Amino acid sequence: MQRFFRALAPFILLALGAPAVSHAQPPAALVVVAPIVERQVASGQTSVGTVMPLKRAIIGSAVDGRVIEFAVEEGDRVEAGQKLAQLLTETISLELDAAEAELELRRQQLAELENGTRPEEVAQLLARVNGAVARGEYLTARRKRIETVFQGGRAASEEERDEAVSAAIEAEQLYNEAKSAYDMAVIGPRQELILQAKAQVAVQQAVVDRLKDQIAKHTIISRFPGYVVAENTELGQWVKQGEAVVEVAALDEVEIYAQVVEQHVPFVKIGSQVTIEVPALEGRLFEGAVTAIVPQANVQARTFPVKVRVRNEITSNGPLLKAGMYARVTLPAGPAHMALVVPKDALVLGKGPQPLVYVVDPAPDGKSGKATAVPVEVGVASGSGIQITGPFKAGQLVAVEGNERIFGPNVSIARILEAPAPAAADSVSRSR
């Protein structure tokens with residue numbers, strides 16, 4: 001019962017004449033304003049365009065093979081060098097293992113030649129030389145003794161003398177052999193042998209590189225960052241050399257292909273800043289720059305393709321601008337004329353069917369004012385400003401900072417900025 005009377009209390013007080021509780025007004029937003037200016041800008045014309053990827057590639061297989069791994073799906077984000085699919089490489093991998101083992105063997109053989117003879121081997125050969133010297137000296141002395149005995153007619157036969165001579169000669173030859181082996185060990189292997197070993201290593205390295213290249217060709221990768229827009233194979237399928245596997249489109253930046261009538265093409269310049277509207281993304285405007293004017297018209301429509309490059313916005317759901325979207329591009333289409341220009345930051349998007357600006361009527365103290373939302377139509381870009389069409393006049397103030405926080409008519413003015421800077425082309429137009 002008590003809860004019931006507490007619920008009726010506000011209505012009882014109102015019936016007895018108690019004042020109703022008033023809702024507080026939202027606090028005044030703190031804004032920065034800038035004046036609308038009138039200046040010469042190029043005449044603008046909206047042309048129909050299509051959003052296209054900056055790059056698009058149908059990635060095929062460089063070799064024949066069976067797909068044993070398919071790592072992506074349509075819509076997936078891929079980076080440069082990321083694996084898209086893998087073909088079977090078991091046989092080539094075994095060949096590579098054998099080739100790498102052979103390469104290591106030849107490298108070690110080359111290292112053995114380049115390092116020369118080990119000190120222990122040199123010492124061993126030197127010992128043989130010394131042994132050959134000692135034996136040669138003994139056999140030479142023995143030969144002399146036997147020859148002396150033989151010449152004196154004493155007990156030494158001719159056969160014993162010939163045997164002693166032969167042994168001495170043999171000892172001398174063994175010494176020469178040991179000495180030559182020792183000298184070769186000290187000098188080291190011939191340069192020709194080292195060069196031959198290096199050539200054998202190079203040949204085997206080429207075999208290893210060829211097998212690695214074959215394995216690499218069995219791994220299908222993306223050559224640039226983008227999104228998978230088409231799948232052309234499946235896991236387990238046999239693909240032939242040159243057959244399409246996936247299609248990847250680069251969408252971090254996009255190009256708007258706008259069709260411009262031939263009367264307006266002379267006024268479009270490379271590098272011109274333009275405004276793009278994509279109807280599918282209501283309330284959004286994009287800025288881009290003209291990158292190319294294709295000098296070949298559609299002979300039926302008499303229009304020339306103009307490419308406008310735009311930096312895309314990547315969200316958690318993928319790129320905001322998607323390939324194939326319909327776009328409208330506002331391009332220069334005639335000589336300069338007088339128009340109203342506001343800073344680009346004055347445009348507020350997403351609060352209605354078309355862009356709007358907040359016109360601020362300042363109070364006498366210059367520190368506060370009233371803001372009025374006014375829908376606008378935008379035209380060509382002009383330096384840091386953009387052309388607008390609507391019920392405006394030069395000198396009116398528009399909010400350029402804090403305008404997204406305006407929820408009521410009252411605002412506080414933080415400061416007044418200067419007019420938006422004109423483009424170089426505008427200053428030329430005014431000087432004429």
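A helix, in what follows, is a DSSP run of H or I with at least four residues, and helices are numbered from the N terminus. A strand is a DSSP run of E with at least two residues, numbered in the same way. The model is a predicted one.

First, the overall count. The protein has six helices and 21 strands. Of its 432 residues, 35% are buried. If we take contacts between residues at least 6 apart in sequence, 76% of them join residues at least 24 apart.

I'll start with helix 2, residues 90-115. Helix 2 has 26 residues, and its first and last C-alpha atoms are 38 Å apart, close to the 38 Å expected at 1.5 Å a residue. Just after helix 2 comes Gly 116, with a positive phi of about 75 degrees. Which residues of helix 2 are buried? They are Ile 92, Leu 96, Ala 99, Leu 103 and Leu 110. What do they pack against? The buried residues of helix 2 pack against helix 5.

Helix 5 covers residues 191-217, which is 27 residues. From first C-alpha to last, helix 5 reaches 39 Å, close to the 39 Å expected. Its buried residues are Ile 194, Ala 197, Val 201, Gln 204, Val 208, Leu 211 and Ile 215. These pack against helix 2 and also against strand 6.

Strand 6 takes us to the sheet. Four strands form an open sheet, in the order 6-5-3-8, with antiparallel pairing. Strand 6 and strand 8, the latter being residues 238-239, are the edges; each has a single partner strand, so one side of each has no neighbour in the sheet.

Going across from strand 6, which is residues 219-221, three bridges join it to strand 5. One pair here is Ala 85 with Ile 220 in strand 6. Strand 5 then pairs with strand 3, residues 65-70, over three bridges in the antiparallel sense. Val 67 has Leu 87 of strand 5 as its bridge partner. Strand 3 is joined to strand 8 by two bridges, and Arg 66 stands opposite Trp 238 in strand 8.

Is strand 5 enclosed or open? Four of the five residues in strand 5, residues 83-87, are buried, so strand 5 is largely enclosed by the rest of the structure. As background, side chains in a regular strand alternate between the two faces of the sheet.

Next, a pocket. The second largest pocket has a volume of about 430 Å³. It is lined by 25 residues, and the closest to its centre are Thr 46, Glu 277, Thr 330, Glu 377 and Val 378. Which elements give two or more residues to this lining? They are strand 2 (37-60), strand 10 (273-277), strand 15 (326-343), strand 18 (377-382) and strand 19 (385-389). Strand 18 gives the largest share, four residues. By type, the lining of the second largest pocket divides into 10 nonpolar, 10 polar and five charged residues.

Strand 2 also contains Met 52. The relative accessibility of Met 52 is 33%, so it counts as partly exposed, the class between 20% and 50%. Not counting residues up to four places away in sequence, Met 52 touches Val 254, Glu 255 and Tyr 257. Its C-alpha is 9.5 Å from that of Lys 307, although the two residues are 255 apart along the chain.

Two loop residues remain. Arg 302 lies in the loop between strand 11 (285-293) and strand 12 (303-311). Its phi is near 55 degrees, which is positive in a residue other than glycine. For context, most residues other than glycine have a negative phi. Arg 302 has a relative accessible area of 46% and is partly exposed.

Asn 312 is in the loop between strand 12 and strand 13 (314-315). Is Asn 312 buried or exposed? At 7% relative accessibility, Asn 312 is buried, because the cut-off for that class is under 20%. Leaving aside neighbours within four places in sequence, Asn 312 is in contact with Leu 251, Asp 252, Glu 253 and Val 254, and with Pro 319, Leu 320 and Leu 321. Val 254 came up earlier, as a residue that Met 52 touches.

That is the end of the talk.

Definitions and conventions
Residues numbered from 1 in each chain as written. Predicted model: local features only at pLDDT ≥ 70, side-chain atom pairs only at ≥ 80, totals over all residues. Heavy atoms only, no water. Buried < 20%, exposed > 50% of the residue type's maximum accessible area, 1.4 Å probe, protein only. Pairing = 2+ DSSP bridges. Expected span 1.5 Å × (residues − 1). Contact = heavy atoms within 4.5 Å. 1 Å grid on protein atoms, 1.4 Å probe; cavity = no way out; pocket = protein on both sides within 12 Å on 5 of 7 lines; lining within 4 Å. Points joined across faces, edges and corners; volume = space filled by probe spheres on them. Nonpolar A, V, L, I, M, F, W, Y, C, P; charged D, E, K, R; others polar.
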